[in-house]
Amino acid sequence: MNCLSPSILAADFSRLGEQVARIDEAGAQYVHIDVMDGMFVPSISFGMPLIRSIRPCTERIFDVHLMIEEPSRYIKEFVDCGADIITVHAESCTHLDRTIEEIRGLGVLASVALNPATDLGVLEYVLPKLDMVLIMTVNPGFGGQKFIPYSLDKIRALRRMIEKRGLKTDIEVDGGITLSNVREILDAGANVIVSGSAVFRGDIGQNVRDFLQIMK
Ligand code: DX5
Ligand code: ZN
């Protein structure tokens with residue numbers, strides 16, 4: 001199934017609860033929550049208190065993308081504040097297998113993100129343990145960047161790898177996704193679409209409906 005996961009990084013934080021309710025009403029299945037620590041990525045976004053405060057605004061799935069060094073230090077806290085899916089970066093985990101096991105052990109869905117330059121090979125042994133893989137289609141750290149074109153080949157290669165092994169892993173894509181390129185990204189094999197600026201700029205409800213129309 002195709003799902004839309006609007007990234008609240010692009011929302012107006014002074015009206016965050018209201019904007020989360022708006023993407024929910026328009027039918028977005030997930031809420032994408034970008035946590036940045038100023039170490040793994042150059043910018044700092046927000047953390048647990050914000051996630052906890054928007055948890056009552058929607059029953060949609062909280063898709064938490066941790067762009068932080070050694071996320072294993074905080075997995076339990078993110079589950080406690082309402083995460084349903086936790087994505088950690090392969091590049092930020094010294095013991096990736098252990099961190100994946102920890103996420104699964106806490107009863108939430110486990111996902112691994114790869115930066116644009118990271119080879120799919122890091123997934124070789126852990127893929128069967130994952131509910132989702134996140135292919136970064138920009139270098140993480142900021143919203144509003146341009147989609148990196150070679151990502152399409154990477155998505156296709158990952159879809160082949162998943163199918164060859166008879167798995168059902170979701171492929172999420174994140175960065176520079178708009179109404180104009182989402183179709184070819186889905187055709188390449190992605191099925192969970194993150195979008196920040198293209199959802200929160202302008203009429204939020206209409207943008208969500210436009211994405212969902214293309215994603216049907
Ligand atoms: C990038 C973040 C993305 C980003 C997407 O570091 O992980 O989720 O906010 O934003 P857009 O859609 O504006 O590229
Ligand atoms: Zn993200």
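The exercises below examine ligand 1 and its pocket in a predicted model.

In this predicted model, local features need pLDDT of at least 70 and side-chain atom pairs count only at pLDDT 80 or more, while totals for chains, interfaces and linings use all residues. Residues are numbered from 1 along each chain as written, chains are lettered from A and ligands numbered from 1 in the order written, and side-chain values use heavy atoms, without hydrogens and water.

**Exercise 1.** Determine which residues surround ligand 1 and how they divide by class.

*Solution.* Step 1: the shell holds 20 residues, with Asp 34, Gly 141, Asp 174, Gly 196 and Ser 197 the closest; a residue counts if one of its heavy atoms lies within 4 Å. Step 2: seven are nonpolar, eleven polar and two charged, where Asp, Glu, Lys and Arg count as charged, Ala, Val, Leu, Ile, Met, Phe, Trp, Tyr, Cys and Pro as nonpolar, and the others, Gly among them, as polar. Step 3: β2 (30-36), β3 (61-67) and β8 (192-195) each supply at least two shell residues, and β2 gives the largest share, three residues. Strands are DSSP runs (E, at least two residues) and helices likewise (H or I, at least four), numbered from the N terminus.

**Exercise 2.** Identify polar contacts of ligand 1 (N or O pairs within 3.5 Å) and state how far the protein covers the ligand.

*Solution.* Step 1: a side-chain N or O atom of Asp 34 is 2.6 Å from an oxygen atom of ligand 1. Step 2: for the side chain of Ser 7, the corresponding distance is 3.4 Å. Step 3: Gly 144 contributes a backbone N or O atom, 2.8 Å from a ligand oxygen. Step 4: of the 380 Å² of accessible area that ligand 1 has on its own, the protein covers 98% (Shrake-Rupley method, 1.4 Å probe).

**Exercise 3.** Describe the lining of the largest pocket.

*Solution.* Step 1: ligand 1 sits in this pocket, as more than half of its atoms lie within 2 Å of the grid points. Step 2: the lining comprises 26 residues, with Phe 142, Gly 143, Gly 144, Gly 196 and Ser 197 nearest the centre. A pocket is an open set of points on a 1 Å grid over the protein atoms alone, where a 1.4 Å probe fits, with protein on both sides within 12 Å along at least five of seven lines; lining residues have an atom within 4 Å of a point. Step 3: α7 (197-200) is among the contributing elements and gives the most, three residues.

Key. Polar contact = N/O pair within 3.5 Å; in protein donor to acceptor, adjacent residues only side chain to side chain.
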